[in-house]
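Work through the exercises below with the model open. Each task is followed by a stepwise solution.

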Amino acid sequence: MAKKRLVLTFPPEVVERPVVALMVRDFDIITNILRAEIHEGEIGRMLVELEGNARKLKEGVAYLKDLGVQVEEAITDIELDEALCIECGACTAVCQPGALKIEPPDWGLTLDKDRCILCGFCVDACPLDIISVKF
Amino acid sequence: MARTYEEINARIRKGEAVVLTADEMTELVASEGARAAARKVDVVTTGTFGPMCSTGAFVNFGHSDPPIKMAKVWLNDVPVCADLAAVDAYIGATALSETEGMAYGGAHVIEDLVAGKWIKMRSTAYGTDCYPRREIETLVNKDTLNQAYLFDPRNAYQNYACATNGSEHTIYTYMGTLLPRFGNATYCSAGQLSPLLNDPFYRTVGVGTRIFLGGGTGYVAWQGTQHKPTVERSGGGTPVGPAAALALIGDLKRMDTEFLRGARFHRYGVTMYVGVGIPIPVLDEEMAAYTGIADADIETIVFDYSQPTRARDPLRRVSYAELRSGKIELDGRKVPTAPLSSYRVARRIADVLKEWIKEGRFLLTAPVEPLPAEGGVQPLEIRDGEGI
(Lines give C-alpha, C1' and ligand atoms only; values in the text may rest on other atoms or scores of the structure.)
Protein backbone atom coordinates (compact mmCIF):
# COMPACT_ATOMS: atom_id res chain seq x y z
CA MET A 1 0.00 0.00 0.00
CA ALA A 2 1.18 3.49 -0.84
CA LYS A 3 0.06 6.85 0.50
CA LYS A 4 0.16 10.32 -1.01
CA ARG A 5 -0.93 13.71 0.22
CA LEU A 6 -1.79 15.93 -2.74
CA VAL A 7 -3.25 19.30 -3.58
CA LEU A 8 -5.65 19.03 -6.52
CA THR A 9 -6.59 22.10 -8.52
CA PHE A 10 -9.65 21.73 -10.73
CA PRO A 11 -10.19 24.00 -13.75
CA PRO A 12 -13.72 25.44 -13.88
CA GLU A 13 -14.85 23.01 -16.61
CA VAL A 14 -13.86 20.01 -14.46
CA VAL A 15 -15.27 21.26 -11.16
CA GLU A 16 -18.76 19.97 -11.88
CA ARG A 17 -17.67 16.45 -12.82
CA PRO A 18 -17.37 13.76 -10.14
CA VAL A 19 -13.73 13.02 -11.02
CA VAL A 20 -12.62 12.07 -7.52
CA ALA A 21 -15.54 9.67 -7.11
CA LEU A 22 -14.71 8.04 -10.45
CA MET A 23 -11.05 7.70 -9.49
CA VAL A 24 -12.08 6.03 -6.21
CA ARG A 25 -14.34 3.60 -8.08
CA ASP A 26 -12.06 2.79 -11.01
CA PHE A 27 -8.71 2.58 -9.22
CA ASP A 28 -9.78 1.36 -5.78
CA ILE A 29 -8.11 4.25 -3.96
CA ILE A 30 -9.04 5.16 -0.39
CA THR A 31 -9.57 8.90 -0.49
CA ASN A 32 -9.64 11.19 2.51
CA ILE A 33 -10.63 14.76 1.62
CA LEU A 34 -8.95 16.95 4.22
CA ARG A 35 -9.97 20.28 2.78
CA ALA A 36 -11.94 21.40 -0.24
CA GLU A 37 -13.08 24.59 -1.78
CA ILE A 38 -15.19 23.81 -4.82
CA HIS A 39 -17.71 26.10 -6.48
CA GLU A 40 -19.55 25.77 -9.73
CA GLY A 41 -17.84 27.64 -12.56
CA GLU A 42 -14.67 28.45 -10.62
CA ILE A 43 -11.24 27.00 -10.02
CA GLY A 44 -11.53 24.48 -7.18
CA ARG A 45 -8.88 23.28 -4.73
CA MET A 46 -8.78 20.14 -2.66
CA LEU A 47 -6.28 18.69 -0.19
CA VAL A 48 -6.54 14.90 -0.30
CA GLU A 49 -4.83 11.89 1.17
CA LEU A 50 -4.85 8.92 -1.22
CA GLU A 51 -4.07 5.37 -0.15
CA GLY A 52 -3.95 2.24 -2.26
CA ASN A 53 -1.91 -0.16 -4.35
CA ALA A 54 1.18 1.72 -5.61
CA ARG A 55 0.50 0.99 -9.28
CA LYS A 56 -3.19 1.85 -9.02
CA LEU A 57 -2.34 5.04 -7.18
CA LYS A 58 -0.04 6.07 -9.99
CA GLU A 59 -2.71 5.28 -12.57
CA GLY A 60 -5.35 7.16 -10.57
CA VAL A 61 -3.20 10.28 -10.41
CA ALA A 62 -2.47 9.99 -14.16
CA TYR A 63 -6.24 9.73 -14.72
CA LEU A 64 -6.78 13.01 -12.83
CA LYS A 65 -4.05 14.73 -14.83
CA ASP A 66 -5.58 13.52 -18.09
CA LEU A 67 -8.81 15.22 -17.12
CA GLY A 68 -6.98 18.52 -16.67
CA VAL A 69 -6.68 18.38 -12.89
CA GLN A 70 -3.45 19.98 -11.68
CA VAL A 71 -1.75 17.67 -9.16
CA GLU A 72 0.89 18.89 -6.71
CA GLU A 73 2.60 17.27 -3.75
CA ALA A 74 1.21 18.72 -0.52
CA ILE A 75 3.63 20.42 1.80
CA THR A 76 5.30 18.26 4.42
CA ASP A 77 5.83 20.83 7.14
CA ILE A 78 5.21 24.44 8.09
CA GLU A 79 7.63 26.62 9.94
CA LEU A 80 6.73 29.64 12.04
CA ASP A 81 9.46 32.17 12.81
CA GLU A 82 8.58 32.71 16.47
CA ALA A 83 11.18 35.45 16.98
CA LEU A 84 9.36 37.66 14.46
CA CYS A 85 5.80 36.71 15.44
CA ILE A 86 3.64 39.46 16.99
CA GLU A 87 0.98 36.97 18.09
CA CYS A 88 -1.87 38.85 16.43
CA GLY A 89 -4.01 35.79 15.74
CA ALA A 90 -4.78 36.40 12.04
CA CYS A 91 -3.46 32.92 11.13
CA THR A 92 -5.82 31.24 13.60
CA ALA A 93 -8.77 32.60 11.60
CA VAL A 94 -8.09 30.20 8.72
CA CYS A 95 -6.82 27.23 10.73
CA GLN A 96 -9.91 25.03 10.79
CA PRO A 97 -8.28 22.01 12.52
CA GLY A 98 -7.24 24.33 15.37
CA ALA A 99 -3.51 23.66 15.12
CA LEU A 100 -2.77 27.38 15.45
CA LYS A 101 -4.39 28.80 18.56
CA ILE A 102 -4.33 32.01 20.50
CA GLU A 103 -5.90 31.63 23.92
CA PRO A 104 -6.02 32.91 27.47
CA PRO A 105 -4.48 33.34 29.92
CA ASP A 106 -1.40 34.67 28.12
CA TRP A 107 -2.81 35.10 24.57
CA GLY A 108 0.37 33.70 23.04
CA LEU A 109 0.26 31.86 19.72
CA THR A 110 0.72 28.10 19.86
CA LEU A 111 1.25 25.68 16.97
CA ASP A 112 0.27 22.05 17.56
CA LYS A 113 1.85 20.21 14.64
CA ASP A 114 -0.08 17.02 15.45
CA ARG A 115 -3.32 18.79 14.53
CA CYS A 116 -1.90 20.51 11.43
CA ILE A 117 -3.23 19.05 8.16
CA LEU A 118 -0.65 21.01 6.14
CA CYS A 119 -3.21 22.89 4.07
CA GLY A 120 -0.93 25.94 3.99
CA PHE A 121 -3.75 28.48 4.37
CA CYS A 122 -1.93 30.17 7.26
CA VAL A 123 1.01 31.04 4.99
CA ASP A 124 -1.04 33.63 3.09
CA ALA A 125 -3.07 34.66 6.12
CA CYS A 126 -0.03 35.70 8.18
CA PRO A 127 0.23 39.52 7.88
CA LEU A 128 3.95 39.39 8.68
CA ASP A 129 4.69 36.69 6.13
CA ILE A 130 6.68 34.63 8.63
CA ILE A 131 5.10 31.20 8.08
CA SER A 132 6.90 29.17 5.44
CA VAL A 133 6.32 25.73 4.00
CA LYS A 134 8.54 22.77 3.23
CA PHE A 135 7.88 20.36 0.38
CA MET B 1 -12.56 61.28 46.25
CA ALA B 2 -11.05 63.42 43.52
CA ARG B 3 -7.49 64.16 42.44
CA THR B 4 -5.96 66.56 39.91
CA TYR B 5 -3.35 66.04 37.20
CA GLU B 6 -0.93 68.12 39.34
CA GLU B 7 -1.45 65.87 42.35
CA ILE B 8 -0.98 62.74 40.25
CA ASN B 9 2.20 64.12 38.66
CA ALA B 10 3.58 65.10 42.08
CA ARG B 11 3.09 61.48 43.20
CA ILE B 12 4.71 60.19 39.97
CA ARG B 13 7.76 62.44 40.55
CA LYS B 14 8.11 61.10 44.09
CA GLY B 15 7.80 57.52 42.83
CA GLU B 16 4.64 57.04 44.89
CA ALA B 17 1.99 56.82 42.17
CA VAL B 18 -0.17 53.71 42.18
CA VAL B 19 -0.40 52.53 38.59
CA LEU B 20 -2.42 49.56 37.30
CA THR B 21 -2.89 48.26 33.79
CA ALA B 22 -6.47 48.33 32.49
CA ASP B 23 -6.64 44.54 32.91
CA GLU B 24 -5.62 44.83 36.57
CA MET B 25 -8.06 47.70 37.11
CA THR B 26 -10.92 45.63 35.71
CA GLU B 27 -10.20 42.96 38.34
CA LEU B 28 -9.88 45.50 41.15
CA VAL B 29 -13.14 47.27 40.30
CA ALA B 30 -14.92 43.92 40.00
CA SER B 31 -13.75 42.81 43.45
CA GLU B 32 -13.75 46.07 45.43
CA GLY B 33 -15.96 48.46 43.48
CA ALA B 34 -15.23 51.78 41.75
CA ARG B 35 -15.24 53.87 44.91
CA ALA B 36 -12.54 51.83 46.64
CA ALA B 37 -10.53 51.59 43.41
CA ALA B 38 -10.68 55.37 42.97
CA ARG B 39 -9.19 55.82 46.45
CA LYS B 40 -6.32 53.43 45.73
CA VAL B 41 -5.31 54.01 42.10
CA ASP B 42 -3.80 57.12 40.47
CA VAL B 43 -3.30 56.00 36.88
CA VAL B 44 -4.52 53.17 34.62
CA THR B 45 -2.42 52.27 31.59
CA THR B 46 -3.97 50.99 28.37
CA GLY B 47 -2.52 49.46 25.23
CA THR B 48 -3.35 48.31 21.74
CA PHE B 49 -1.32 46.81 18.87
CA GLY B 50 -3.45 46.52 15.79
CA PRO B 51 -3.14 47.10 12.05
CA MET B 52 -3.89 50.68 11.01
CA CYS B 53 -3.72 51.69 7.35
CA SER B 54 -4.01 55.39 8.18
CA THR B 55 -0.37 55.49 9.22
CA GLY B 56 2.63 57.28 7.79
CA ALA B 57 5.76 59.28 8.48
CA PHE B 58 7.08 62.68 7.50
CA VAL B 59 10.76 62.81 6.62
CA ASN B 60 13.25 65.47 5.54
CA PHE B 61 16.15 64.23 3.43
CA GLY B 62 18.44 67.29 3.58
CA HIS B 63 19.75 69.13 0.50
CA SER B 64 22.09 67.63 -2.07
CA ASP B 65 24.64 69.69 -3.99
CA PRO B 66 23.53 70.90 -6.45
CA PRO B 67 20.10 70.88 -4.80
CA ILE B 68 16.92 69.27 -6.11
CA LYS B 69 13.24 70.10 -5.72
CA MET B 70 12.05 66.51 -5.51
CA ALA B 71 8.89 65.93 -7.53
CA LYS B 72 8.73 62.14 -7.37
CA VAL B 73 10.45 60.05 -4.70
CA TRP B 74 10.81 56.31 -4.19
CA LEU B 75 12.17 54.62 -1.07
CA ASN B 76 13.17 51.02 -1.74
CA ASP B 77 11.01 51.33 -4.90
CA VAL B 78 7.94 52.40 -2.88
CA PRO B 79 6.52 55.71 -4.12
CA VAL B 80 6.13 58.31 -1.38
CA CYS B 81 4.33 61.65 -1.45
CA ALA B 82 6.84 64.44 -2.13
CA ASP B 83 4.33 67.18 -2.96
CA LEU B 84 5.68 69.39 -0.20
CA ALA B 85 8.79 71.58 0.04
CA ALA B 86 11.90 70.54 -1.91
CA VAL B 87 13.15 67.69 0.29
CA ASP B 88 10.16 66.89 2.52
CA ALA B 89 8.10 63.75 1.97
CA TYR B 90 5.34 61.69 3.56
CA ILE B 91 5.67 57.91 3.52
CA GLY B 92 2.19 56.45 3.40
CA ALA B 93 1.96 53.01 5.01
CA THR B 94 -0.21 51.49 2.27
CA ALA B 95 1.88 52.48 -0.78
CA LEU B 96 3.02 49.36 -2.65
CA SER B 97 6.49 48.63 -4.01
CA GLU B 98 6.70 49.08 -7.79
CA THR B 99 8.92 46.01 -8.00
CA GLU B 100 7.58 43.70 -5.27
CA GLY B 101 3.89 44.63 -5.17
CA MET B 102 2.07 43.71 -1.98
CA ALA B 103 5.08 41.95 -0.48
CA TYR B 104 6.65 45.27 0.50
CA GLY B 105 5.19 48.73 1.04
CA GLY B 106 5.39 52.04 2.84
CA ALA B 107 4.86 50.36 6.23
CA HIS B 108 7.89 48.15 5.60
CA VAL B 109 9.97 51.22 4.66
CA ILE B 110 8.97 52.81 7.98
CA GLU B 111 9.84 49.63 9.88
CA ASP B 112 13.21 49.37 8.09
CA LEU B 113 13.97 53.02 8.93
CA VAL B 114 13.21 52.37 12.61
CA ALA B 115 15.43 49.28 12.46
CA GLY B 116 18.30 51.51 11.32
CA LYS B 117 18.58 49.93 7.87
CA TRP B 118 19.88 51.76 4.79
CA ILE B 119 17.07 52.63 2.38
CA LYS B 120 17.58 53.17 -1.36
CA MET B 121 16.27 56.62 -2.28
CA ARG B 122 15.55 57.74 -5.82
CA SER B 123 14.02 61.00 -6.98
CA THR B 124 13.26 62.88 -10.15
CA ALA B 125 12.48 66.56 -10.64
CA TYR B 126 11.71 69.08 -13.39
CA GLY B 127 14.56 71.38 -12.33
CA THR B 128 14.37 75.09 -11.50
CA ASP B 129 16.84 77.95 -11.40
CA CYS B 130 17.19 77.52 -7.66
CA TYR B 131 17.01 73.70 -7.72
CA PRO B 132 18.83 72.70 -10.92
CA ARG B 133 19.29 68.95 -10.26
CA ARG B 134 16.82 66.69 -12.08
CA GLU B 135 17.54 63.31 -10.57
CA ILE B 136 19.27 61.70 -7.64
CA GLU B 137 19.91 58.21 -6.34
CA THR B 138 21.45 57.61 -2.93
CA LEU B 139 21.09 55.78 0.38
CA VAL B 140 19.45 57.16 3.52
CA ASN B 141 18.83 55.90 7.04
CA LYS B 142 17.18 57.35 10.13
CA ASP B 143 20.42 59.05 11.21
CA THR B 144 20.94 60.78 7.86
CA LEU B 145 17.39 62.16 7.89
CA ASN B 146 16.94 65.55 9.57
CA GLN B 147 13.51 64.74 10.92
CA ALA B 148 11.47 61.57 10.82
CA TYR B 149 8.18 61.54 12.66
CA LEU B 150 5.27 59.22 12.60
CA PHE B 151 2.00 60.96 11.87
CA ASP B 152 -1.13 58.82 11.85
CA PRO B 153 -4.24 60.67 10.69
CA ARG B 154 -6.32 57.94 12.36
CA ASN B 155 -5.44 55.47 15.04
CA ALA B 156 -6.50 54.06 18.43
CA TYR B 157 -9.98 53.44 17.05
CA GLN B 158 -12.57 53.34 19.78
CA ASN B 159 -13.93 49.87 19.06
CA TYR B 160 -14.36 48.23 15.67
CA ALA B 161 -16.73 45.90 13.83
CA CYS B 162 -16.56 42.10 13.80
CA ALA B 163 -16.31 40.67 10.27
CA THR B 164 -17.72 37.46 8.83
CA ASN B 165 -18.57 36.14 5.38
CA GLY B 166 -21.96 34.71 4.42
CA SER B 167 -21.10 34.16 0.75
CA GLU B 168 -20.05 30.96 -0.98
CA HIS B 169 -16.50 32.21 -1.56
CA THR B 170 -13.45 33.05 0.51
CA ILE B 171 -12.99 36.82 0.62
CA TYR B 172 -9.78 38.71 1.36
CA THR B 173 -10.26 41.87 3.37
CA TYR B 174 -8.55 44.27 5.75
CA MET B 175 -10.21 42.11 8.41
CA GLY B 176 -8.19 39.13 7.18
CA THR B 177 -9.17 36.06 5.20
CA LEU B 178 -12.88 35.38 5.73
CA LEU B 179 -13.95 31.83 4.99
CA PRO B 180 -17.20 31.09 3.13
CA ARG B 181 -20.54 30.18 4.70
CA PHE B 182 -19.74 31.92 7.99
CA GLY B 183 -16.56 29.84 8.32
CA ASN B 184 -14.98 32.34 10.71
CA ALA B 185 -15.33 35.80 12.22
CA THR B 186 -12.52 38.24 12.97
CA TYR B 187 -12.37 41.18 15.37
CA CYS B 188 -9.82 43.89 15.95
CA SER B 189 -9.81 45.64 19.30
CA ALA B 190 -7.95 45.18 22.57
CA GLY B 191 -11.37 45.44 24.30
CA GLN B 192 -11.01 46.22 27.99
CA LEU B 193 -7.35 47.12 27.46
CA SER B 194 -8.01 49.50 24.54
CA PRO B 195 -7.27 53.21 25.21
CA LEU B 196 -10.50 54.95 24.27
CA LEU B 197 -12.73 52.19 25.66
CA ASN B 198 -11.32 53.17 29.08
CA ASP B 199 -12.31 56.81 28.61
CA PRO B 200 -15.52 56.41 26.62
CA PHE B 201 -16.54 60.09 26.69
CA TYR B 202 -13.00 61.55 26.26
CA ARG B 203 -12.83 63.23 29.67
CA THR B 204 -9.05 62.84 29.88
CA VAL B 205 -7.82 62.01 26.37
CA GLY B 206 -7.68 65.04 24.08
CA VAL B 207 -5.40 67.19 21.95
CA GLY B 208 -1.95 67.29 23.54
CA THR B 209 -2.24 64.10 25.61
CA ARG B 210 1.20 62.48 25.99
CA ILE B 211 1.13 58.82 25.02
CA PHE B 212 3.21 55.72 24.32
CA LEU B 213 3.62 55.50 20.54
CA GLY B 214 5.57 52.80 18.73
CA GLY B 215 7.91 52.27 21.69
CA GLY B 216 8.64 55.97 22.20
CA THR B 217 6.58 58.87 23.46
CA GLY B 218 4.13 60.70 21.27
CA TYR B 219 1.14 62.97 21.47
CA VAL B 220 -2.47 63.14 20.44
CA ALA B 221 -2.34 65.73 17.65
CA TRP B 222 -6.00 66.05 16.80
CA GLN B 223 -9.22 64.10 16.43
CA GLY B 224 -8.67 61.19 14.05
CA THR B 225 -10.20 61.16 10.60
CA GLN B 226 -13.70 59.61 10.66
CA HIS B 227 -13.99 60.56 14.36
CA LYS B 228 -17.61 59.64 15.10
CA PRO B 229 -18.55 60.05 18.76
CA THR B 230 -22.34 60.16 18.21
CA VAL B 231 -23.10 56.44 18.13
CA GLU B 232 -25.13 53.88 20.01
CA ARG B 233 -23.55 53.00 23.36
CA SER B 234 -23.70 50.08 25.77
CA GLY B 235 -24.67 50.40 29.43
CA GLY B 236 -21.13 51.26 30.53
CA GLY B 237 -20.91 54.08 27.98
CA THR B 238 -18.69 52.30 25.45
CA PRO B 239 -19.71 52.66 21.79
CA VAL B 240 -21.19 49.66 19.98
CA GLY B 241 -18.83 49.61 16.96
CA PRO B 242 -16.38 52.19 15.59
CA ALA B 243 -16.63 55.65 17.14
CA ALA B 244 -13.86 58.07 18.15
CA ALA B 245 -10.37 58.03 16.67
CA LEU B 246 -7.14 59.93 17.28
CA ALA B 247 -4.51 61.56 15.08
CA LEU B 248 -1.13 60.72 16.61
CA ILE B 249 2.37 62.10 16.28
CA GLY B 250 5.74 60.97 17.61
CA ASP B 251 9.48 60.86 16.90
CA LEU B 252 10.15 57.89 14.62
CA LYS B 253 13.85 57.96 15.48
CA ARG B 254 13.07 56.90 19.06
CA MET B 255 10.66 54.12 18.17
CA ASP B 256 11.23 50.37 18.31
CA THR B 257 10.27 47.71 15.76
CA GLU B 258 8.85 45.65 18.63
CA PHE B 259 5.95 48.10 18.56
CA LEU B 260 5.88 49.18 14.90
CA ARG B 261 5.66 46.51 12.21
CA GLY B 262 4.90 46.49 8.50
CA ALA B 263 2.27 43.93 7.48
CA ARG B 264 0.29 42.81 4.49
CA PHE B 265 -3.17 41.37 4.34
CA HIS B 266 -3.34 38.79 1.58
CA ARG B 267 -4.96 40.17 -1.59
CA TYR B 268 -5.81 43.37 0.28
CA GLY B 269 -2.58 45.29 0.70
CA VAL B 270 0.02 46.68 3.07
CA THR B 271 -0.74 48.11 6.49
CA MET B 272 1.08 48.80 9.71
CA TYR B 273 0.80 47.44 13.24
CA VAL B 274 1.22 50.44 15.54
CA GLY B 275 1.61 50.18 19.30
CA VAL B 276 -0.36 52.79 21.22
CA GLY B 277 -0.66 53.15 24.99
CA ILE B 278 -2.53 55.93 26.74
CA PRO B 279 -2.42 56.62 30.48
CA ILE B 280 -5.81 57.36 32.00
CA PRO B 281 -5.75 59.44 35.19
CA VAL B 282 -8.19 58.20 37.82
CA LEU B 283 -9.48 61.68 38.60
CA ASP B 284 -12.51 60.41 40.51
CA GLU B 285 -14.91 57.52 41.01
CA GLU B 286 -16.40 57.99 37.55
CA MET B 287 -13.01 57.48 35.89
CA ALA B 288 -12.42 54.44 38.12
CA ALA B 289 -15.71 52.99 36.88
CA TYR B 290 -14.81 53.73 33.24
CA THR B 291 -11.37 52.13 33.55
CA GLY B 292 -12.92 49.15 35.32
CA ILE B 293 -14.83 48.19 32.17
CA ALA B 294 -14.74 44.46 31.35
CA ASP B 295 -14.89 42.67 27.99
CA ALA B 296 -18.34 41.34 28.95
CA ASP B 297 -19.66 44.94 28.96
CA ILE B 298 -18.08 46.04 25.66
CA GLU B 299 -20.10 45.20 22.58
CA THR B 300 -19.74 45.45 18.83
CA ILE B 301 -21.73 44.49 15.74
CA VAL B 302 -21.07 41.54 13.44
CA PHE B 303 -21.26 42.38 9.72
CA ASP B 304 -21.24 40.22 6.62
CA TYR B 305 -18.25 41.62 4.69
CA SER B 306 -19.32 39.83 1.50
CA GLN B 307 -21.92 42.59 1.06
CA PRO B 308 -20.07 45.08 -1.19
CA THR B 309 -21.66 48.18 0.29
CA ARG B 310 -20.86 50.78 2.94
CA ALA B 311 -24.23 50.02 4.56
CA ARG B 312 -23.97 46.34 5.44
CA ASP B 313 -26.82 44.75 7.37
CA PRO B 314 -25.92 44.19 11.02
CA LEU B 315 -26.10 40.47 11.87
CA ARG B 316 -26.01 40.70 15.65
CA ARG B 317 -24.45 42.38 18.69
CA VAL B 318 -21.67 40.53 20.49
CA SER B 319 -19.57 41.25 23.57
CA TYR B 320 -15.79 40.99 23.59
CA ALA B 321 -16.11 38.28 26.23
CA GLU B 322 -17.99 36.20 23.62
CA LEU B 323 -15.48 37.05 20.88
CA ARG B 324 -12.57 36.12 23.14
CA SER B 325 -14.20 32.79 24.04
CA GLY B 326 -13.22 31.56 20.54
CA LYS B 327 -16.75 31.01 19.22
CA ILE B 328 -19.86 33.07 18.63
CA GLU B 329 -23.29 31.94 17.61
CA LEU B 330 -24.67 33.14 14.28
CA ASP B 331 -28.04 31.87 13.13
CA GLY B 332 -27.81 28.88 15.43
CA ARG B 333 -24.37 27.78 14.28
CA LYS B 334 -21.09 28.11 16.15
CA VAL B 335 -18.63 30.29 14.26
CA PRO B 336 -14.95 30.33 15.29
CA THR B 337 -13.55 33.77 16.09
CA ALA B 338 -10.03 35.12 15.73
CA PRO B 339 -8.39 38.39 16.75
CA LEU B 340 -6.32 40.53 14.36
CA SER B 341 -4.80 42.84 16.96
CA SER B 342 -2.23 41.35 19.31
CA TYR B 343 -3.52 41.17 22.87
CA ARG B 344 -0.14 39.93 24.04
CA VAL B 345 1.72 42.99 22.69
CA ALA B 346 -1.12 45.29 23.88
CA ARG B 347 -0.54 43.96 27.41
CA ARG B 348 3.19 44.50 27.06
CA ILE B 349 2.56 48.13 26.02
CA ALA B 350 0.35 48.69 29.08
CA ASP B 351 3.09 47.11 31.23
CA VAL B 352 5.89 49.22 29.71
CA LEU B 353 3.89 52.42 30.14
CA LYS B 354 3.12 51.42 33.73
CA GLU B 355 6.85 51.02 34.43
CA TRP B 356 7.69 54.38 32.81
CA ILE B 357 5.15 56.10 35.06
CA LYS B 358 6.18 54.23 38.20
CA GLU B 359 9.81 55.13 37.55
CA GLY B 360 8.89 58.82 37.21
CA ARG B 361 9.94 58.94 33.54
CA PHE B 362 6.53 59.75 32.11
CA LEU B 363 4.23 62.52 33.39
CA LEU B 364 0.57 62.94 32.55
CA THR B 365 -0.81 65.87 30.57
CA ALA B 366 -4.27 67.40 30.69
CA PRO B 367 -5.79 67.89 27.23
CA VAL B 368 -5.03 71.26 25.66
CA GLU B 369 -8.38 70.96 23.93
CA PRO B 370 -11.04 68.27 24.30
CA LEU B 371 -11.99 65.96 21.45
CA PRO B 372 -15.39 66.69 19.89
CA ALA B 373 -17.99 64.81 21.95
CA GLU B 374 -20.57 64.91 19.20
CA GLY B 375 -20.55 64.38 15.46
CA GLY B 376 -20.87 61.79 12.75
CA VAL B 377 -19.27 60.76 9.49
CA GLN B 378 -20.47 61.92 6.11
CA PRO B 379 -20.65 59.51 3.20
CA LEU B 380 -19.22 60.35 -0.21
CA GLU B 381 -22.08 60.76 -2.67
CA ILE B 382 -21.65 60.57 -6.43
CA ARG B 383 -22.46 64.10 -7.64
CA ASP B 384 -22.74 65.22 -11.24
CA GLY B 385 -22.69 68.98 -10.59
CA GLU B 386 -26.40 69.49 -11.19
CA GLY B 387 -28.61 70.81 -8.43
CA ILE B 388 -25.88 71.44 -5.89
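**Exercise 1.** This is a predicted model. How many residues lie between strand 5 and strand 6 of chain B in their hairpin, and which residue in the turn has a positive phi?

*Solution.*
- Step 1: Find the pairing. Strand 5 of chain B runs over residues 72-75, and strand 6 of chain B over residues 78-80. They pair in the antiparallel sense, with three bridges.
- Step 2: Take one bridge. Leu75(B) has Val78(B) as its partner in strand 6.
- Step 3: Read the turn. Two residues separate the strands of this hairpin, and Asn76(B) has a positive phi of about 50°.

**Exercise 2.** Identify the pairing of strand 5 of chain B with strand 10 of chain B.

*Solution.*
- Step 1: Strand 10 of chain B covers residues 119-124. The sense is antiparallel, over four bridges.
- Step 2: Val73(B) is bridged to Ser123(B) in strand 10.

**Exercise 3.** Why is chain B as compact as a globular protein of its length?

*Solution.*
- Step 1: Count the elements. Chain B has six helices and 28 strands.
- Step 2: Compare radii. Its radius of gyration is 22 Å, and the globule rule gives 21 Å for 388 residues; the values are close, so chain B is as compact as a globular protein of that length.
- Step 3: Add the extents. The C-alpha trace of chain B spans about 70 × 60 × 45 Å along its principal axes.
- Step 4: Check burial and contacts. In chain B, 48% of the 388 residues are buried. Of its contacts with a separation of 6 or more, 73% join residues 24 or more positions apart.

**Exercise 4.** Describe the contact between chain A and chain B.

*Solution.*
- Step 1: 19 residues of chain A contact 24 residues of chain B.
- Step 2: On the chain A side, 10 are nonpolar, four polar and five charged.

Note on methods: Residues are numbered from 1 along each chain as its sequence is written. Chains are lettered from A and ligands numbered from 1 in the order in which they are written. This is a predicted model: local features need pLDDT of at least 70, side-chain atom pairs count only at pLDDT 80 or more; totals for chains, interfaces and linings use all residues. Two strands pair if DSSP finds at least two bridges between them. Two residues are in contact if their C-beta atoms, placed from the backbone, lie within 7 Å. Ala, Val, Leu, Ile, Met, Phe, Trp, Tyr, Cys and Pro count as nonpolar, Asp, Glu, Lys and Arg as charged, and the others, Gly among them, as polar. The radius of gyration is taken over C-alpha atoms; the globule rule is 2.2 Å times the number of residues to the power 0.38. A residue is buried if 20 or more other C-beta atoms lie within 10 Å of its own, exposed if 12 or fewer, and partly exposed in between; C-beta atoms are placed from the backbone.
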